[in-house]
Amino acid sequence: MKIQERTGAGAGRSAAPAQPSVGDRLPTPPRERKPALAALAVLLILVGALGATMLVLQAGDRIEVVKVTQPIPAGGSVNTSNAESVMVAEDAAIHYIKWTQLPEMQKQKLKAVSAIPAGAVLVGEMFGDEAGVEAGKATVGLSLKAGQYPTGLKQGDTVAAYRVTADAGTGSNSNSNSGSSSAAGNAVIVDQARVTYVPGAKSSGDELVGSTNLAVTLTVDSDKAADLAQAASNSEVALVLVSGN
């Protein structure tokens, strides 16, 4: 009887479903490796690193060029007094004037072909052997004696040109008619003119030979050029510095 009970109990245990062990899991399919995608990812990383390196190298490739600190009129020149050096990124498509080229420009007496504002970085196209004249403007040359121009007159100054006659204010015997004609003679020819050229303090060779006259070139409006030239030919011009310098 006991043997039968054990047998029955054993049979009951064998009928229960057996639980799978932890190690007996279903097999997973092997992962498919894609070497082409991995190589592409590595290549993209290398290209990005190379591009970043090139940008850093280009940013560090800088040159010293000329920057204007004061306005330069048409026909004016650049020198160390109206320019300074700045660093910019080198670009073969832009013809920068390098700071080391400044002495050669002064030696060749290159002139600004048009007005250059302060703060501009200079390029070769801004200068030439001859200066151009802006539309509606004209240049007039003057030969002035001492007293007909202010001391320290320099290129780029703004002046007014007055007509002065030799008999202006002469003698106490002058009647009222002569006084009125003198007043009419001392009239403004040009209220604002730009000094395009004036010799430097040590450039006596630019002055008239055998004379103390000063050679000055003014840029004026075209409609004022004839009157100014006529007065200049009669030595009846005096220059006065005005606002705008």
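The turns below go through the salt bridges of a predicted model.

Visitor: How many salt bridges does the rule give?
Guide: The count comes to 3 salt bridges.

Visitor: Why is the contact between Asp221 and Lys137 called a salt bridge?
Guide: Their side chains meet at 2.8 Å, N to O. The cut-off is 4 Å between a Lys or Arg nitrogen and a carboxyl oxygen of Asp or Glu, so the pair qualifies.

Visitor: Which parts of the chain does this pair link?
Guide: Asp221 lies in strand E8 (residues 214-221) and Lys137 in strand E5 (residues 137-144), with the two positions 84 residues apart in numbering.

Visitor: What makes Asp221 partly exposed?
Guide: Its relative accessible area is 36%. Partly exposed covers values between 20% and 50%, so Asp221 falls in that class. Lys137, with 33%, is partly exposed by the same limits.

Visitor: Why does the pair Asp157 and Lys154 count as a salt bridge?
Guide: The closest N and O atoms are 3.3 Å apart, and this is within 4 Å, so the rule is met.

Visitor: Is Asp157 buried or exposed, and how do you know?
Guide: Asp157 has 5% relative accessibility. Buried means under 20%, so Asp157 is buried. Its partner Lys154, at 48%, is under the 50% limit for exposed and counts as partly exposed.

Visitor: Why is the contact of Arg163 with Glu236 called a salt bridge?
Guide: The N to O distance is 3.8 Å. That value is within 4 Å, therefore the pair is included. Arg163 is in strand E6 (residues 158-163), while Glu236 is in the loop between helix H5 (222-233) and strand E9 (237-241), 73 residues apart.

Terms used. Residues are numbered from 1 along each chain as its sequence is written. This is a predicted model: local features need pLDDT of at least 70, side-chain atom pairs count only at pLDDT 80 or more; totals for chains, interfaces and linings use all residues. Side-chain values use heavy atoms; hydrogens and water are left out. Helices (H or I, at least four residues) and strands (E, at least two) are DSSP runs, numbered from the N terminus. Buried means under 20% relative accessible area, exposed over 50%, partly exposed in between (1.4 Å probe, protein chains only).
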